[in-house]
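Here is a friendly walk through one protein model, with stops at a few residues, a helix and some empty spaces. Have the viewer open and follow along.

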Amino acid sequence: MQQRITEISSNELIDQLEVRETESEAESPPPSLPDDRQDRNGMIIVHNNQIYITSPLPGGEPAVLSAFPPVVLELNQQQVTEPVQVEAADRITWSIQEPPQYRITVSEDKLKAFFTLNRVNQYAWSLADSPASSRLVVRAEMDSSTVQSALSIEQIIADFEKKSITQSLNIPAIYAELKHPTHQPICVAEGKPPVDGVDAELELLFAEEAENAFSGVADSGNPLGSMQIPSVQKGDVIARKQPPREGIPGYDVYGSILPAAPPRDIKIVAKEHTLLLPSQEIKALQEGRPRITGTNVKYFDISAAYVIPGHVNSQTGNIVFSGDVIVHQDVEDNTIIESLGNVYVYGNVYNSTIAATGSILVLGNVDSSQIYSGSFGVTYNRLYHLSKKLIEEFNLLREASMLLTQELQSRQQTVKFGQVVLLLMESKYKSIPVLIRDLHSVVAGIKAPYHQDTEQLRLLLDVFLRPAQFTDFFNDALLVSFVKMLKELCSGVARMQEATVRVDISQCRNSTLKSGGDIWIHKDGTLQSDLLSTKDITFLMKDAVCRESQLKAAGTLTAQTVGGESTANSSLAAGRKISVRTMHAGRVTVGRHSKEIIEPVRNMVFTTQNLRGNAE
């Protein structure tokens, strides 16, 4: 591969150069100055696997050398990657770089190894002879008559072993590829994927929702006949836990163990009116509606029911109950129902508020009212939000009281801690007496039994309603104790949030509905109302209408007829998709993409994909 001109080959080179010069003179007119300069350029000749280079004559330019794969050139021990100028003093070497005879590859998950055959035999290569030229691309030719080496099955197996791929190596498949090459990747070793464990499951043996509630009008002799509230008897098994099952580990092509994903377990706890059996079954200890609360831990209990046979109004007063509330007739103007359970109303709801940590079902109309279920039932529960606000205010009051006491003591002025608290409540924290009165009113209206003892809290509320009479008893420990009771009340309400909730109504007007689960509208629809659901909103009746309303569902929103002759349009928003039978006008939003509906559309499904396409 030496590139310098040897004494033996110099005559041949000179002869070629003379021949080129003679041919040029015979075929071309007398050269001009540029041609003379071109003849002065350096030259390259390839002959007998040798590369010969002459330096340019005065006024000429060096020859330019490059290579065509699989030829690889090195100029003065540096690989040539693009055309370069060369002279006689340069050292040029060449080599052949072919793809390997075969490749071993492993899938990304390491569960499969592949053998790809490029060629069985390794042949010799030689450089293609080239006449003298000032610009030359070196090429090589395969000599198929000269086999330098032949690939063997033993060589391939040894290579797999070197890579530690021995698990279930399919040697017959490699042998078959050598005999009848396809030159395609052949799977020759496979691992075994792990089998994931099976998560624990909770089998509920009771209905979670009221049945047949909207199927027809109740018989006059049996006003409750149209609603079957879920109920169990004492001694019934209400749920059964299927324990998790461990998975089976696997292995990759290297023989390494692939652990199985551990199954997720479910922790279940039986509360006061239920019993957890050794068989992981939950048994009811009394009659009533089974309920499940909690997220990470599932708590089972039997909800007590507070039944109002007639109307709820100013005469019955507001209802605060730790369980289900069942109203056989209407919920009338300016009343509040707060339930740490479900609420069932067989009549209508007028100008009132219902907050439930469980589900809410209203067979009649909802008019000028607020309905909050699940997580919203917790947030809008007065025991919860009044306690939460008082915790914030009392923490500030404690801090201010201690700072003011320290300041007065630094001035050597004697003052009672209770007097400081009273002064701050009368001047800076005027909202505290108002919050105290409101919370005292709610606590006093709790219908027994309640899920936690509130008697001590009620006594402290009495004290703070008349702070001037108890200034001698006020100290920081009393404030700390009061805040602790408020926190227990807050967390107690929050723990009563049920796992699966839904709001079911016939229709609503000028109302707000917020559900920590689904919202189902069973009959005529919505008018001038705001609906918010953390799951789906569904209009079930084909003739249901949504007019002048704002609806937002985290999941899917299914409407029938949206809009009408009114100029006030509705707005529909969903996280996944919106389906409408007819929409006259309004705005639809799915995810972050919106569209104004100007002309009526029918049988449309809006998704992020088609809304994005319209925007583009």
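## A buried aspartate

Let us begin with D324, a residue of strand β26, which covers residues 324–327. Please keep in mind that this is a predicted model. Is D324 buried or exposed? D324 counts as buried because its relative accessible area is 2%, and the cut-off for buried is under 20%.

What does the side chain of D324 meet in its surroundings? There is a polar contact with the side chain of R289, at 2.4 Å. Setting aside residues up to four places away in sequence, D324 touches R289, S303, A304, A305, Y306, S339, G341, N342 and Y344.

## Cavities and a pocket

R289 turns up again when we look at enclosed space. Rolling a probe the size of a water molecule over the atoms shows where empty space is left. How many cavities of 30 Å³ or more are there? The count comes to 3. The largest cavity has a volume of about 100 Å³, and 13 residues line it. Nearest to the centre of that cavity lie E208, R289, P290, E498 and T500. By character, the lining of the largest cavity divides into 5 nonpolar, 3 polar and 5 charged residues.

Now for an open space: the second largest pocket has a volume of about 360 Å³. This pocket is lined by 19 residues, and E272, H273, D301, S322 and H451 are the closest to its centre. Which elements each supply at least two residues of this lining? They are β22 (289–293), β23 (297–303) and α10. Strand β23 gives the largest share, with 4 residues. The lining of the second largest pocket holds 6 nonpolar, 8 polar and 5 charged residues.

## Helix α10

Helix α10, a contributor to that pocket lining, runs over residues 476–495 and so has 20 residues. From first C-alpha to last, α10 reaches 29 Å, close to the 28 Å expected at 1.5 Å a residue. At the N-terminal end of α10, N475 acts as a cap. A side-chain oxygen of N475 lies 3.2 Å from the backbone nitrogen of A477.

Which residues of α10 are buried? They are L479, F482, V483, M485, L486, L489, C490, G492 and V493. The cover over these buried residues includes five helices that you can pick out in the viewer: α5 (375–379), α6 (382–410), α7 (417–427), α8 (431–444) and α9 (455–465).

## N381, between two helices

One of the buried residues of α10, V493, is touched by N381. N381 is in the loop between α5 and α6. Although N381 is a loop residue, it is buried, with a relative accessible area of 1%. Besides V493, N381 touches E338 and L340, not counting residues up to four places away in sequence.

The side chain of N381 also has a partner in the backbone: one of its polar atoms lies 2.8 Å from the backbone nitrogen of L383. For a sense of distance, N381 and V320 are 61 residues apart along the chain, with 9.4 Å between their C-alpha atoms.

## Backbone details in the loops

The loops also hold some backbone details to check. Where along the chain is a cis peptide bond found? The bond from P69 to P70 is cis, with omega near 10 degrees. P70 sits in the loop between β3 (63–67) and β4 (71–75).

In the loop between β4 and β5 (78–79) we find N76, and Q77 lies in the loop between β4 and β5 as well. Neither N76 nor Q77 is a glycine, yet phi is positive for N76, at about 55 degrees, and for Q77, at about 70 degrees. N76 is partly exposed, with a relative accessible area of 38%, whereas Q77 is exposed, at 66%.

## A last stop at K163

K163 is placed in the loop between α3 (153–162) and α4 (171–179). With a relative accessible area of 39%, K163 is partly exposed. Leaving aside neighbours within four places in sequence, K163 is in contact with I104 and Y254. K163 and V86 are 77 residues apart in sequence, and their C-alpha atoms are 43 Å apart in space.

Terms used
Residues numbered from 1 in each chain as written. Predicted model: local features only at pLDDT ≥ 70, side-chain atom pairs only at ≥ 80, totals over all residues. Heavy atoms only, no water. Expected span 1.5 Å × (residues − 1). Buried < 20%, exposed > 50% of the residue type's maximum accessible area, 1.4 Å probe, protein only. Contact = heavy atoms within 4.5 Å. Polar contact = N/O pair within 3.5 Å; in protein donor to acceptor, adjacent residues only side chain to side chain. 1 Å grid on protein atoms, 1.4 Å probe; cavity = no way out; pocket = protein on both sides within 12 Å on 5 of 7 lines; lining within 4 Å. Points joined across faces, edges and corners; volume = space filled by probe spheres on them. Nonpolar A, V, L, I, M, F, W, Y, C, P; charged D, E, K, R; others polar.
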